[in-house]
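Here are my notes on the model you sent over. Have the structure open as you go through them.

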Amino acid sequence: MQGMITARLRATCSAALIGAAVSAAPASERGSHCSRRCSAPRKGSVPAVAGGAHRTPRPAPPCGRRRGRGGAAAGRGKCPLRPARSCGDGGGERDGSGGAPGVVAALPAADAGRGREVGRFGSARLPAHHHVPPRSPPQERTPPPPAAPPPAPQAAPRRSPQLRVLLTPLPAPGRRLPQKRLLGAYDEAAGGDGKRRRAEPCSPERADSGSDGDVDSDGTEAGQDGSPQLSAYERKRLKNISENAKFFAALKLHESAARLHEITAKGPSHVTKRAKPRKAEGSTVQRRSMRLQRMQPPEVPQAEAPAQEEEEGYPQVPAGPLPMAADGQEESSEAALLGTWLQLSEMKNNDTEKRTCDMKRYQAALSSMLLREDGIRKVVSSRVCSLAIHPSESTVLVAAGDKYGHVGLWDVSRGTEGGAHIFTPHNLSVNCMHFSPSHPAQLLSLSHDSLRCGDVSRAVFDEICRSEDSLSSFDFLEDSGCTAVVGLWDGAVAVVDRRTPGTSPELSADIGFKITRTVDVHPVDKQYFLAAGSVDVRVYDVRWLRRSGNRAVSTLHGHTKSVASAYFSPASGRRVVTVCADDKLRVYDTSSLSATSALLSTVRHNNNTGRWLTRFRAVWDPKQEQCFVVGSMARPRQIEVFQDTGLLLHAFCSPECLGSVCSINAFHPTRNVLVGGNSSGRLHVFME
């Protein structure tokens, strides 16, 4: 900013010197210059004549056009003048109040050619030693043909005086600071009323008259001795300063400040401080928590009453044998159900089993199985986790295990009026259930904590095995049902013999799994069993089991996520069907039990059951070992039957009666009966 002000002040000083030189030139040269360079043909004006001939006027822009800063305007051939009106309006026709400070003068043509111009603010006189070169006379030209005489000149309209702002140049060190002064031209003809008016536009004659006064370049009047005199504004300013100084002196601020300093310099005041009240000895101490005091809480014995209430709300099943007593049921109906079970177990079934080899006849049989209203019954109180169907051909007796350790028995022939009873032999979810192959009066059920055998002939639930590790599933190693292989959730397997006293397993072997979800024994070669883990499905030989370092006989590859179930085909064991969380059903060929079993088919199937549904398990139909059944997430709700080639044979659907997902399903071993259980404890029976 300071650099811009300095440059502008330098231009102002140069313009003032040039303006003074122009004012010193003869009036004839100034008039000729203005008429030749800056004048345009106007109404009432006559072109300049040289040698008695008319000259063609040169077109030029009006002199009042705003010019750029510096000497660029003059260098480009523009008019170097900046009057308020055109310089060709008759020169000094108008009489003003004389040359006032700040009126801009015209330049000679020689200076205009060098790119000089008058500054925007102020004017000054050239020093005496400054020499202005004389102007050369104009050259004569061939006169043009005579033109019509122009009309008589008219007097220019009188304009109101203007106000101009004069910026004094930056003084040298030691001089006063620059000031802005508002200079005005007063019209003497107005009677000298002192009203401020706008300054008149400049002309060469007014510039000459304005140079008569003795005025410095910064606008202050100079005295006879050459010393600058104070302007009216500065005199008023000094007067205000003196009046303010007198006013502050009258206030006597210095004396007041001295007295205040003396008061503060004295010693501290004799103000007595209030004594802090002492705490009473017997007052109550503020309480603080033991956490803030960093103290351990005292061991408080728990009350016995809440524990009894919890036991009443969630009864814990004791270890050992339990009586076969139904929960909240009448003794007469319970005795009738147990009597039916016992009667069915004593009946001998025919040795010939119904097996259908023709797929068309099998599909027709599946189509004849329907779901009726009397075939739906809520048997257990919560989610169904396992199912088992009694092998009797005369009566359909279904057993279901739920999430909270309940076992429900339902005689389907009685419909919805009765015939369903609930027992509580376990504390946790019942994951697996089987009727004994040699003694149908015995129902074996497995939970996380124990494996029990419900014997209807003795009306008792015996405890076969108890383990601190959670149990997952089991299967019989022989037809008599005396021995069984048990899978554990920690990845191990155990062998249990019912003839051995006690509840400990005979052998616990580590097979290298993280989790063992299901185990299944080969239907022909009983020494082989199939174990499904997190992502592993392998076949082991029970005769070579050890506590650790066990090797698999065959491995079923291809699973990318956790496996929910894996089962042998019921008649020959040549096929294995698996359900995986990668939404695929896979069928393997296990006829040769080689090191790696071949994959026969893969079925795309939605197995994402979520948190509130039991995971799907694909189980074979005992009557047709080439077909298996699995639940479905499709709508309308249905139960699907596939062939081992991956072909969908049939879908059990009933929009009026089946409105939920049946995750656990089971076929009757000899009859065309299918039972499906949902997550609310309800069973659906499809039958002919």
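**Notes on the model**

1. Confidence first: the protein chain has a mean pLDDT of 75, with 59% of its residues at 70 or more; pLDDT is the predictor's confidence in each residue, from 0 to 100. Residues 60-130 have pLDDT below 50, and this stretch has 148 contacts in the model beyond near neighbours in sequence; contact means heavy atoms within 4.5 Å. Residues 177-220 also stay under 50, with 120 contacts beyond four places in sequence. Where pLDDT is low, the predicted coordinates should not be read in detail.

2. Ground rules: this is a predicted model, so local features need pLDDT of at least 70 and side-chain atom pairs count only at pLDDT 80 or more, while totals for chains, interfaces and linings use all residues. Residues are numbered from 1 along each chain as its sequence is written, and side-chain values use heavy atoms, with hydrogens and water left out.

3. Overall make-up: the protein chain has 10 helices and 33 strands. These are DSSP runs numbered from the N terminus (helices: H or I, at least four residues; strands: E, at least two). Of contacts between residues at least 6 apart in sequence, 57% join residues at least 24 apart.

4. Burial: of the 688 residues in the protein chain, 41% are buried, meaning under 20% relative accessible area (exposed is over 50%, partly exposed in between; 1.4 Å probe, protein chains only).

5. Cysteines: the structure holds 0 disulfides, a disulfide being a pair of cysteine sulfur atoms within 2.5 Å. C453 is buried, at a relative accessible area of 3%, and C627 is buried too, at 0%.

6. Helix α7: how far apart are the end C-alpha atoms of α7 (residues 253-265)? They are 18 Å apart, which agrees with the 18 Å expected for 13 residues at 1.5 Å a residue; the expected span is 1.5 Å times one less than the number of residues. This helix is hardly covered, as the count of buried residues among its 13 is 0.

7. H448: look for this residue in the loop between β12 (442-447) and β13 (450-455). Its side chain makes a polar contact with the side chain of W489 at 3.4 Å. A polar contact is a pair of N or O atoms within 3.5 Å; within protein, one must be able to donate a hydrogen and the other to accept it, and residues adjacent in sequence count only if both atoms are side-chain atoms. Leaving aside neighbours within four places in sequence, the residues in contact with H448 include L428, D469 and W489.

8. Q638: this residue sits in strand β29 (residues 638-643). Is Q638 buried or exposed? Q638 counts as buried because its relative accessibility is 16%. Not counting residues up to four places away in sequence, Q638 touches S632, A651, F652, C653 and L658.
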